[in-house]
Amino acid sequence: NIQVTIEDNDEGAGSTVRQMSLSWKRDLSVSRTTAKFEIEATFDATDVAVSRGDVISVPLSLDFGDGGKRNEDVAFTIDTVLSDFGVFSARATFSHTYGAPRNGNSPWTATLTHCCRKATTQNN
């Protein structure tokens, strides 16, 4: 079991992320303790020219909860460009193998941190 937490440290101006989500599934083709993570994100497209299939680099931090961390630029592949709405969506996938199926009696907790979301974007 893995619990997922997403944090937004809300630093910096001019960021382009509107939303970001992290999901996972067990990858039994590798091992019982390997999780395949997928990050889906929506970005502002008002100041960039992108096309479906383009790859962009996004800095983020992912703490897998077992001491493993990923603090680097991650390659996202653009899925959809909605020029009329000024946004595009992209996804990134990668795997992590845990040393055990559970963290003792608790699930592993993976935490994704990215700076920053667009300041004017709010949930209603």
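What follows is a friendly talk between a colleague and a modeller about a predicted model.

Colleague: Let us begin with the overall layout. How many helices and strands are there in the protein?

Modeller: There are 0 helices and 7 strands. Along the sequence the pattern reads β-β-β-β-β-β-β.

Colleague: And what share of the residues counts as buried?

Modeller: Of the 124 residues, 34% are buried. The protein exposes about 7400 Å², and carbon and sulfur atoms supply 45% of that area. As for contacts with a separation of 6 or more, 64% of them come from residues 24 or more positions apart.

Colleague: Now the charged groups. Why is the pair E38 and R91 called a salt bridge?

Modeller: The N to O distance between the side chains of E38 and R91 is 3.0 Å. A salt bridge needs a side-chain nitrogen of Lys or Arg within 4 Å of a carboxyl oxygen of Asp or Glu, so this Arg and Glu pair qualifies. E38 lies in strand β3 (residues 34-44) and R91 in strand β6 (residues 87-97), so the bridge ties together parts that are 53 residues apart in sequence.

Colleague: What makes E38 partly exposed, rather than buried or exposed?

Modeller: Its relative accessibility is 22%. Buried means under 20% and exposed means over 50%, so E38 falls in between. R91 is placed in that class because its value is 29%.

Colleague: Which other side chains meet R91 in a salt bridge?

Modeller: E40 is one of them, at 3.0 Å from N to O. E40 sits in strand β3 and R91 in strand β6, so this pair joins parts that are 51 residues apart in sequence. E40 is partly exposed, with a relative accessible area of 29%. D79 also meets R91, at 2.6 Å from N to O. That pair links R91 in β6 to D79 in strand β5 (residues 69-82), 12 residues apart. D79 is partly exposed too, because its 21% is not under the 20% limit for buried.

Colleague: What makes these four residues a network?

Modeller: E38, E40, D79 and R91 are linked by salt bridges, and R91 takes part in the bridges with E38, E40 and D79. For the whole model, the count comes to 6 salt bridges.

Colleague: D27 caught my eye. How do you know that D27 has no salt bridge?

Modeller: The nearest side chain of opposite charge is K36, 5.9 Å away. The cut-off is 4 Å, so the D27 and K36 pair does not qualify, and D27 is buried without a salt bridge.

Colleague: Where is D27 found, and which residues is D27 in contact with?

Modeller: D27 is in the loop between β2 and β3. Leaving aside neighbours within four places in sequence, D27 is in contact with T34, K36 and S95.

Colleague: Why does D27 with S29 count as a polar contact?

Modeller: The side chains of D27 and S29 come to 2.4 Å. The limit for a polar contact is 3.5 Å, so the distance meets that condition.

Colleague: Last, the nonpolar side. Which residues have the most contacts inside the largest nonpolar core?

Modeller: F37, I39, F43 and F76 do, in a core of 26 residues. β2 (17-26), β3, β4 (55-63), β5, β6 and β7 (108-114) each supply at least two residues.

Colleague: Which strand gives the most to this core?

Modeller: β3 does, with 5 residues. Strand β3 also holds E38 and E40, both members of the salt-bridge network.

Key. Residues are numbered from 1 along each chain as its sequence is written. This is a predicted model: local features need pLDDT of at least 70, side-chain atom pairs count only at pLDDT 80 or more; totals for chains, interfaces and linings use all residues. Side-chain values use heavy atoms; hydrogens and water are left out. Helices (H or I, at least four residues) and strands (E, at least two) are DSSP runs, numbered from the N terminus. Buried means under 20% relative accessible area, exposed over 50%, partly exposed in between (1.4 Å probe, protein chains only). Contact means heavy atoms within 4.5 Å. Accessible areas come from the Shrake-Rupley method with a 1.4 Å probe; for residues, only the protein chains shown count as cover. A nonpolar core is a set of buried Ala, Val, Leu, Ile, Met, Phe, Trp, Tyr and Cys residues joined through side-chain atoms within 4.5 Å. Lys and Arg count as positive and Asp and Glu as negative; His and the chain ends are not counted. A polar contact is a pair of N or O atoms within 3.5 Å; within protein, one must be able to donate a hydrogen and the other to accept it, and residues adjacent in sequence count only if both atoms are side-chain atoms.
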